[in-house]
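Please open the structure in your viewer and keep the selection panel at hand for a short tour of enclosed space and charged pairs.

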Amino acid sequence: MPIKKTSERIDINQRRIINGADADVMQLYPMRHTFAWEAYNAGNANHWLPTEIMMQNDIEQWRADDVLSDDERAAFKTVLGFFSTADSIAANNIVIAMYKHITSPECRMYLLRQGYEEAIHTHAYQYIVESLGLDEGEIFNMYREVDAIYDKASFILTFNEGIFDPSFKTGTFEADQKFLENIAVFSLIMEGIFFYSSFAVIFGFHRQNKMIGSAEQIQYIMRDESQHLNFGINLINTIKDEQPELWTEEFQAHLVGLIREAVDLEATFAATVFPKGIFGMNAPSFRQYIEHIADRRLARVGLPKQYNVTNPFPWMSEAADLNKEKNFFETRVIEYQTGGALDW
Ligand code: FE
């Protein structure tokens with residue numbers, strides 16, 4: 001469709017997260033959803049690449065007979081099996097569903113950055129698999145072979161149905177609620193819950209001084225993911241402000257139900273992948289941890305907490321909640337944010 005030739009300028013009040021197409025998605029300014037611009041800048045400041053992290057130690061530990069137990073190897077591989085396709089599922093939703101229907105140019109700008117970060121994460125898993133000489137087919141096909149991973153992935157993928165349909169459009173009450181459901185599921189559940197028992201396992205390795213290169217990759221991923229989660233929460237809360245009619249009691253109860261279902265799926269994943277527990281973390285403590293973070297996600301979008309349990313892995317919140325802007329790991333990665341990496 002050709003653009004309309006006009007000297008009439010953009011009205012900031014027409015900007016909407018969804019259904020704001022009249023406000024021209026090509027013009028970044030005037031900006032209304034400044035949280036997206038802040039997220040974009042934070043993402044750039046946190047830029048990293050998997051190949052900058054040394055994997056030599058991990059390779060030696062993986063090859064050695066006396067460093068990792070069979071249970072630890074199995075847990076490591078299964079966690080990697082979940083991760084290896086999860087970021088592709090997230091990336092597809094950004095590119096095929098969200099980008100098309102989000103009409104705020106500044107939010108689209110962040111989605112471009114977020115999509116690239118999901119690609120970097122998939123690259124990181126590929127790099128770990130390649131470095132350790134793991135069977136690529138075994139790891140990358142786990143989401144179709146291992147029940148506990150399959151169940152999570154197929155739960156998530158059902159929320160693409162309808163939205164991936166080329167004829168799907170926002171603009172009606174039903175369609176807008178469906179789209180909001182998609183954002184809630186992908187940010188609160190996929191990015192906010194489904195990664196976290198796997199993160200905890202990898203931090204378990206790290207705390208034992210095992211597989212620290214892989215753990216460092218995952219730490220960077222977790223930092224990016226917490227930005228993705230924050231952005232998703234901002235999207236949800238802004239849509240609630242812009243279209244309060246969507247946030248019905250019934251819809252809220254529906255989202256709470258989905259989150260409770262996700263908690264069960266994630267707890268089942270943790271219990272079946274680590275049947276004997278790992279690094280002192282057992283099935284009940286995994287469930288409690290998942291319940292704890294689910295309550296936090298619920299509270300951030302104004303939904304009632306469901307579990308009211310304490311955090312059994314306090315060391316996780318240290319790792320997860322540290323200032324996102326900072327490079328908080330002892331790290332070998334280039335400090336992109338200082339701009340000081342160039343040495344003339
Ligand atoms: Fe993500």
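The stops below go from the largest cavity to three salt bridges.

This is a predicted model, in which local features need pLDDT of at least 70 and side-chain atom pairs count only at pLDDT 80 or more, while totals for chains, interfaces and linings use all residues. Residues are numbered from 1 along each chain as its sequence is written, and side-chain values use heavy atoms, with hydrogens and water left out.

Select Met98, Gln114, Phe186, Ser187 and Glu191, which among the 14 lining residues lie nearest the centre of the largest cavity. A cavity is a set of points on a 1 Å grid over the protein atoms alone where a 1.4 Å probe fits but cannot get out, and lining residues have an atom within 4 Å of a point. The volume here is about 90 Å³, counted as the space filled by probe spheres set on the points, which are joined across faces, edges and corners.

Next, select Lys210 and Glu72, whose side chains meet in a salt bridge (3.1 Å, N to O), meaning a side-chain nitrogen of Lys or Arg within 4 Å of a carboxyl oxygen of Asp or Glu. Lys210 is buried at 14% relative accessible area, and Glu72 is buried at 12%, where buried means under 20%, exposed over 50% and partly exposed in between (1.4 Å probe, protein chains only).

Move to Arg113 and Glu117, which form a salt bridge at 2.7 Å, N to O; Arg113 is buried at 9%, as is Glu117 at 2%.

Finally, select Arg287 and Asp264, whose closest N and O atoms are 3.1 Å apart in a salt bridge; Arg287 is partly exposed at 30%, and Asp264 is partly exposed at 37%. Add Glu291 to the selection, since salt bridges with shared partners join Asp264, Arg287 and Glu291 into one network.

Conventions. 1 Å grid on protein atoms, 1.4 Å probe; cavity = no way out; pocket = protein on both sides within 12 Å on 5 of 7 lines; lining within 4 Å.
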